[in-house]
Amino acid sequence: MLESVGLDESTERVYRLLLRHESLAAGALAEQLGIRPARARQILDALVAAGLATCRPGRPAHYLPVDPRTGLVRLVRSRQAALESVLSSADAYAAEYHERRLRTDPRLLVEVVEGPAEISRRVRELTVSAEHEILAFDAPPYVTPDGTASDSERTVLARGVSVRAVYASEVLTVPALAERLRGLVAAGEQARVLPKVPMKMVVVDQREAVLPLTASEEGTRTTAAFVRRSRLCDALVELFEANWVQATPVFDTPAAESAPHPEISETDRALLQLLNAGLKDEAIARQLEMSHRTLRRRIADLVRRLEATSRFQAGTQAMRRGWL
């Protein structure tokens with residue numbers, strides 16, 4: 001039973017025997033088990049080293065058991081910590097392994113993936129394999145009818161994986177896609193918007209990425225590249241971070257522990273976010289479910305309150321005041 005924490009069968013037998021006594025000397029133990037005293041002392045010292053027994057000096061020395069609820073729990077946690085340490089080295093060892101493979105066969109760096117079904121499958125597999133972070137650029141057209149990988153993303157978000165995505169503002173002009181994005185943000189995704197993104201892309205744990213190489217207007221006949229850990233993958237991460245800094249947050253809400261800004265309503269805050277994202281009035285009105293007349297009135301009111309001379313300046317002033 002205790003082999004999983006490093007104790008062999010004979011050591012476990014001695015441990016069970018020790019638990020039934022207040023203390024034992026190596027000689028007495030050797031007589032009971034029919035083994036040499038030196039072997040008995042070796043096993044008892046192993047139990048001391050494992051934290052399952054203590055040694056009381058004397059002639060002869062006596063060994064006392066430690067309460068298993070203390071000793072065994074401490075030993076298990078120590079083993080867990082050691083295994084976690086080994087696991088944390090896996091990335092470093094994997095990097096060496098893949099670097100050697102790439103040196104011997106550079107074709108392994110990029111794998112070409114053909115067809116929408118296979119691309120979708122690889123993206124899903126890559127997404128659910130995430131342990132720490134997913135970075136993504138997203139824009140139409142999509143290789144699947146609804147353009148989603150929402151179920152896979154919700155699964156990793158529930159595991160505590162960080163997801164950051166930069167969307168082309170075109171996504172917000174399509175009600176179904178905007179609603180999907182709103183739901184993902186509510187589930188924990190950090191979303192930002194740019195007028196255009198450099199490409200569609202998914203990068204997982206800064207080690208592997210999928211990005212399209214070609215696409216038809218309908219987004220159906222496609223070819224994608226699966227990029228493995230390399231400097232190319234590092235460059236994709238750097239490209240994402242550069243665009244992330246420039247992008248505008250969308251659909252985010254103040255943290256639960258912080259109160260909403262007293263100078264602005266959540267509706268006006270959402271309006272400013274959509275303005276900064278570059279959406280036209282028609283798309284903003286649709287998102288906020290208000291008439292064009294009401295929208296124009298609220299925009300004019302925000303510009304006035306921010307003492308701005310244009311919509312662009314209003315966005316800048318809103319960020320300075322902490323409204324965004």
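Trainee: How many strands form the open sheet here, and in what order?

Mentor: Generally, strands of a sheet pair through backbone hydrogen bonds, either parallel or antiparallel. In this model, which is predicted, eight strands make an open sheet, ordered β4-β10-β9-β8-β5-β6-β7-β11, with mixed pairing. Two strands pair if DSSP finds at least two bridges between them; strands are DSSP runs of E with at least two residues, helices are runs of H or I with at least four, and both are numbered from the N terminus. β4 (110-114) and β11 (248-249) sit at the edges with a single partner strand each, so one side of each has no neighbour in the sheet.

Before we go on, some bookkeeping. Residues are numbered from 1 along each chain as its sequence is written, and side-chain values use heavy atoms, leaving out hydrogens and water. As this is a predicted model, local features need pLDDT of at least 70 and side-chain atom pairs count only at pLDDT 80 or more, while totals for chains, interfaces and linings use all residues.

Trainee: How many bridges join β7 to β11, and which way do these strands run?

Mentor: Two bridges join β7 (residues 190-194) to β11, and the strands run antiparallel. For a residue to click on, take Val193: its bridge partner in β11 is Thr248.

Trainee: And β5: which strands does Phe137 stand opposite?

Mentor: On the β6 side, Phe137 stands opposite Val166; on the β8 side, it stands opposite Met201. β5 runs parallel to β6, with six bridges, and pairs with β8 (residues 201-204) in the antiparallel sense over four bridges.

Trainee: How many residues of β5 are buried?

Mentor: Buried means under 20% relative accessible area, exposed means over 50%, and partly exposed is in between, using a 1.4 Å probe and protein chains only. Six of the six residues of β5 are buried, so the strand is largely enclosed by the rest of the structure. Both faces are covered: one side has Glu133, Leu135 and Phe137, and the other has Ile134, Ala136 and Asp138.

Trainee: Which residues are buried in helix α7?

Mentor: In α7 (residues 150-158), the buried ones are Ser150, Ser152, Glu153, Val156 and Leu157. Looking down the axis of α7, they fall within an arc of 160°, so they line one face of the helix. That arc is taken over the directions from the helix axis to the C-beta atoms. The face turned away from the buried side carries exposed Asp151 and Ala158. The buried residues of α7 pack against α6 (116-128), β5 (133-138), β6 (162-168) and α8 (175-187).

Trainee: What describes a pair of packed helices?

Mentor: The angle between their axes and the distance between the axes. Axes are lines fitted to C-alpha atoms, for helices over the stretch in contact, and angles run from 0 to 180 degrees between N-to-C directions. Here α1 (residues 9-19) and α3 (residues 37-49) pack at about 80°, with axes 10 Å apart. That makes α1 roughly perpendicular to α3. Angles of 65 to 115 degrees get that label; under 35 is roughly parallel, over 145 roughly antiparallel, and the rest oblique.

Trainee: Which residues of α1 and α3 meet?

Mentor: Ser10, Thr11, Val14, Tyr15 and Leu18 in α1 meet Arg39, Ile43, Leu44 and Leu47 in α3. Contact means heavy atoms within 4.5 Å. Ile43 is buried, at 3% relative accessible area. Leaving aside residues up to four places away in sequence, Ile43 touches Ser10, Thr11 and Val14. Ile43 and Tyr15 are 28 residues apart in sequence and 8.9 Å apart in space, C-alpha to C-alpha.

Trainee: Which backbone geometry should I check in the loops?

Mentor: Most residues other than glycine have a negative phi, and most peptide bonds are trans. In this model, Arg59 and Pro60 are joined by a cis peptide bond, with omega about 0°; Pro60 is in the loop between β2 (53-56) and β3 (62-65). Gln206 is not a glycine, yet its phi is positive, near 55°. It lies in the loop between β8 and β9 (208-214), and is partly exposed at 40% relative accessibility. Glu289 also has a positive phi, of about 55°, and is exposed at 74% relative accessible area.
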